[in-house]
Amino acid sequence: MNVQFVSNSKGKITAVQLPLKDWKEVEKKLEAFNLAESIKAGYREMEQIENGEIEAKTLEQFLNEL
């Protein structure tokens with residue numbers, strides 16, 4: 001991955017540049033990570049419902065949150 005750093009006149013890094021092809025790979029990995037985190041959160045919520053820690057939502061409540 002060809003990463004370039006952009007700095008201001010004081011030498012502080014203010015930005016990062018990388019080729020579009022590399023950025024698309026980063027985006028795919030972030031999407032996969034976000035999906036995995038969402039699934040984990042849903043599983044934890046399901047466990048909390050089963051343990052009586054939180055109350056289950058109706059479909060209508062769930063859709064209203066979207």
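These legends walk through several views of a predicted model.

**View 1. The whole chain, from end to end.** Welcome to the predicted model of this protein chain, which holds two helices and two strands. Starting at the N terminus, the order of these elements is β-β-α-α. The chain has a radius of gyration of 21 Å, whereas the globule rule gives 11 Å for 66 residues, so the chain is more spread out than a compact globule. Measuring sticks laid along the principal axes of the C-alpha trace would read about 55 × 25 × 25 Å.

**View 2. The surface and the contacts of the chain.** How much of the protein chain is buried? Buried residues account for 2% of the 66 residues. The chain exposes about 6,200 Å², and 56% of that area is supplied by carbon and sulfur atoms. Now turn to the contacts between residues at least 6 apart in sequence: 3% of them join residues at least 24 apart.

**View 3. Helix α1 and the glycine that follows.** Helix α1 covers residues 20-50, which makes 31 residues. From its first C-alpha to its last, helix α1 reaches 45 Å, close to the 45 Å expected at 1.5 Å a residue. After α1 comes Gly52, and its phi is positive, near 75°. As a reminder for anyone new to helices, an α-helix has 3.6 residues a turn, so residues three or four places apart point the same way.

**View 4. Val26, a residue of helix α1.** Here we zoom in on Val26, which sits in helix α1. Is Val26 buried or exposed, or does it lie in between? Its relative accessibility is 25%, and therefore Val26 counts as partly exposed: that value falls between the 20% limit for buried and the 50% limit for exposed. Which residues does Val26 touch, once neighbours within four places in sequence are left aside? They are Met1 and Leu18. Looking along the chain instead, Met46 is 20 residues away from Val26, and their C-alpha atoms are separated by 30 Å.

**View 5. Phe5 and a nonpolar patch on the surface.** Five residues can be picked out here: Met1, Val3, Phe5, Ile13 and Val16 form a nonpolar patch on the surface. Together they have about 510 Å² of accessible area. One of them, Phe5, is found in strand β1, which runs over residues 4-7. Why does Phe5 count as exposed? Its relative accessibility is 55%, and exposed means over 50%. Met1, another member of this patch, is also a residue you have met before, as a contact of Val26.

Note on methods
Residues numbered from 1 in each chain as written. Predicted model: local features only at pLDDT ≥ 70, side-chain atom pairs only at ≥ 80, totals over all residues. Heavy atoms only, no water. Helix = DSSP H or I, 4+ residues; strand = E, 2+ residues; numbered from the N terminus. Expected span 1.5 Å × (residues − 1). Patch = residues over 30% accessible without salt bridge, like charges linked within 9 Å, V, L, I, M, F, W, Y side chains within 5 Å. Areas by Shrake-Rupley, 256 points an atom, 1.4 Å probe, with all protein chains shown as cover. Salt bridge = Lys/Arg side-chain N within 4 Å of Asp/Glu carboxyl O. Buried < 20%, exposed > 50% of the residue type's maximum accessible area, 1.4 Å probe, protein only. Rg over C-alpha atoms; globule rule 2.2 N^0.38 Å. Contact = heavy atoms within 4.5 Å.
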